Amino acid sequence: MKVGVVGAGYVGLIQGVGLAEKGHEVTIIDVDKHKVKKINEGTPPFHEPGLKKALNSVKLRASTDYASLKDCEVVFLCVGTPPKDDGSANLKHVFSAAKSVKEHLGGGVVCVKSTVVPGTTERVGELLGGNFSVAHNPEFLREGSALSDFRSPDRVVMGGDEEALNVLEKVYQNFDCPKVKVTVRASEMIKYASNALLATKISFANEVANICQLLGVDASEVWRGVGLDSRINPRFLGHGVGFGGSCFPKDVQALRKAAESRGYDAQLLDSVLKINDEQPKKMIELLKSMLPDLKGRRVGVLGLAFKPGTSDLREARSLKVINILLEAGAEVLAFDPRAVSEAKKVLGDSVSYAGSVREVLDNVDAALVVTEWDVIKNHDYSGFDKPLVDGRGVSKPNRFYRRIGKPF
Ligand code: UGA
């Protein structure tokens with residue numbers, strides 16, 4: 001099939017390469033000519049495991065010209081929906097991409113992949129007019145394993161009318177997983193509900209861990225016992241410093257806003273965000289239980305990226321932790337195997353950087369584990385005779401070890 005993808009960002013490029021691997025003829029459109037050039041040269045504009053190899057092994061064309069979408073049976077809109085100041089999603093890229101598709105294509109199926117509030121895809125349909133059918137087809141890709149998530153999804157969700165669903169069925173015919181066919185609005189909502197539920201699991205695990213701490217219970221033992229209930233499952237119950245990234249905070253906030261604008265007070269979602277905001281402070285409280293005055297102290301921050309396997313710092317817990325430390329008058333020495341150049345853009349020279357875990361430990365009065373990279377997880381901390389606070393519960397303890405949800 002001839003398939004078009006608008007937006008060569010994270011979602012679009014994975015969608016394009018993944019569908020090309022399945023034998024579709026894919027054209028990707030992006031307004032950024034440097035990005036387009038890189039893709040055509042076989043270099044992904046961002047890092048994702050396996051992507052360079054996959055990009056170089058498929059037939060895929062990138063262009064800045066929407067006219068290249070001619071003859072495509074379906075065009076996926078994969079443009080960003082960044083948050084506005086009030087937390088609601090900014091949809092201007094979705095609508096302008098739809099307008100450009102309309103200018104260059106006589107008709108066909110336009111499928112929104114971006115995470116959008118229910119009702120948005122219908123507005124795209126109104127903008128496109130009667131010659132087009134619209135659909136929604138959310139992505140569930142995790143940064144760091146996006147390509148393998150794409151290749152073996154738990155499910156493919158597709159929302160649309162019969163014509164659109166038939167085309168999407170053809171697109172995804174070689175995927176061996178359940179296909180969930182629903183209305184466009186349900187498809188849009190499934191994405192929000194999935195991310196909000198995962199974020200809720202994490203905040204729930206954090207709230208219970210905070211209570212465990214007060215009651216003298218080790219939360220890791222609790223989650224081992226709870227997670228084995230097949231109705232619950234152990235994933236996304238990792239308690240600690242909380243969730244970050246470009247999706248969970250943004251999507252929970254956007255869903256909350258969408259509810260609020262229709263007069264509903266989404267109390268649970270509110271609490272999910274509130275608890276998440278508090279967890280970095282809990283880490284610092286644990287630090288202060290051993291080092292009450294942080295003024296003039298050097299504190300090591302191990303891990304800056306919002307999770308291992310990425311250099312992405314969006315909503316990273318490290319930034320919150322560092323902020324609190326700097327406000328308390330501490331000096332920060334940070335280490336991350338991949339995110340330092342990104343961190344420098346955000347933090348400038350308000351913190352110093354080390355080239356290894358060892359270099360941090362040799363030069364600080366205390367250390368905080370914020371991102372569970374293997375080099376951080378596997379380090380031997382037994383010789384580090386100073387406060388160590390573990391926000392992910394991964395490092396081997398030393399003599400002065402504290403973690404959220406672990407009594408001391
Ligand atoms: C998330 C979802 O997992 C994807 O399914 C979804 O497609 C994506 O958002 C999106 O909307 O595009 P991602 O943001 O890449 O993917 O990262 P996750 O692996 O889900 O982790 C998110 C955050 O939760 C990280 O900061 C991680 O450290 C934290 N986390 C995760 C915990 O604090 N505890 C856990 O048990 C699990």
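## Ligand site, second pocket and open sheet

A backbone N or O atom of Gly-244 lies 2.9 Å from an oxygen atom of the ligand, in a model that is predicted. Taken alone, the ligand exposes 720 Å², and the protein buries 89% of that area. Two further backbone approaches to ligand oxygen involve Glu-143, with a polar backbone atom at 2.7 Å, and Leu-237, with a backbone N or O atom at 3.5 Å. The three are set out below.

| Residue | Protein atom | Distance to a ligand oxygen atom |
|---|---|---|
| Glu-143 | polar backbone atom | 2.7 Å |
| Gly-244 | backbone N or O atom | 2.9 Å |
| Leu-237 | backbone N or O atom | 3.5 Å |

### The shell around the ligand

Around the ligand stand 20 residues, and those that come nearest are Leu-141, Glu-143, Lys-191, Asn-195 and Gly-238. Glu-143 thus appears both in this nearest group and among the backbone contacts, at 2.7 Å from a ligand oxygen atom. Sorted by class, the shell holds nine nonpolar residues, seven charged residues and four polar residues. At least two shell residues come from each of helix 8 (184-215) and helix 10 (248-260), and helix 8 makes the largest contribution, with three residues.

The loop between helix 9 (219-227) and helix 10 contains Phe-236, which has a positive phi of about 60° although it is not a glycine.

### The second largest pocket

Where else does helix 10 supply residues to a lining? The second largest pocket encloses about 230 Å³ of space, and two elements, helix 5 (120-128) and helix 10, each give two or more residues to its lining. Helix 10 provides the largest share of that lining, namely three residues. The lining consists of 13 residues, and Ser-88, Val-117, Ala-258, Ser-261 and Arg-262 are the ones that lie nearest the centre of the pocket. By class, the lining divides into six nonpolar, four polar and three charged residues. Helix 10 therefore has a part in two places, since it supplies at least two residues of the shell around the ligand and three residues of the lining of this pocket.

### The open sheet

Six strands form an open sheet in the order 11-10-9-12-13-14, and their pairing is parallel. Why do strand 11 and strand 14 each have one side without a neighbour in the sheet? Strand 11 (352-353) and strand 14 (401-403) stand at the edges and each has a single partner strand, so one side of each is left free of a neighbour in the sheet. Strand 13 (residues 388-390) runs parallel to strand 14, and three bridges join the two; in one of the pairings between them, Val-389 has Arg-402 of strand 14 as its bridge partner.

### A further positive phi

Asp-71 sits in the loop between strand 3 (60-63) and strand 4 (74-77), and its phi is near 75°, a positive value in a residue other than glycine.

Conventions. Residues numbered from 1 in each chain as written. Predicted model: local features only at pLDDT ≥ 70, side-chain atom pairs only at ≥ 80, totals over all residues. Heavy atoms only, no water. Near = heavy atom within 4 Å. Polar contact = N/O pair within 3.5 Å; in protein donor to acceptor, adjacent residues only side chain to side chain. Areas by Shrake-Rupley, 256 points an atom, 1.4 Å probe, with all protein chains shown as cover. Helix = DSSP H or I, 4+ residues; strand = E, 2+ residues; numbered from the N terminus. Nonpolar A, V, L, I, M, F, W, Y, C, P; charged D, E, K, R; others polar. 1 Å grid on protein atoms, 1.4 Å probe; cavity = no way out; pocket = protein on both sides within 12 Å on 5 of 7 lines; lining within 4 Å. Points joined across faces, edges and corners; volume = space filled by probe spheres on them. Pairing = 2+ DSSP bridges.
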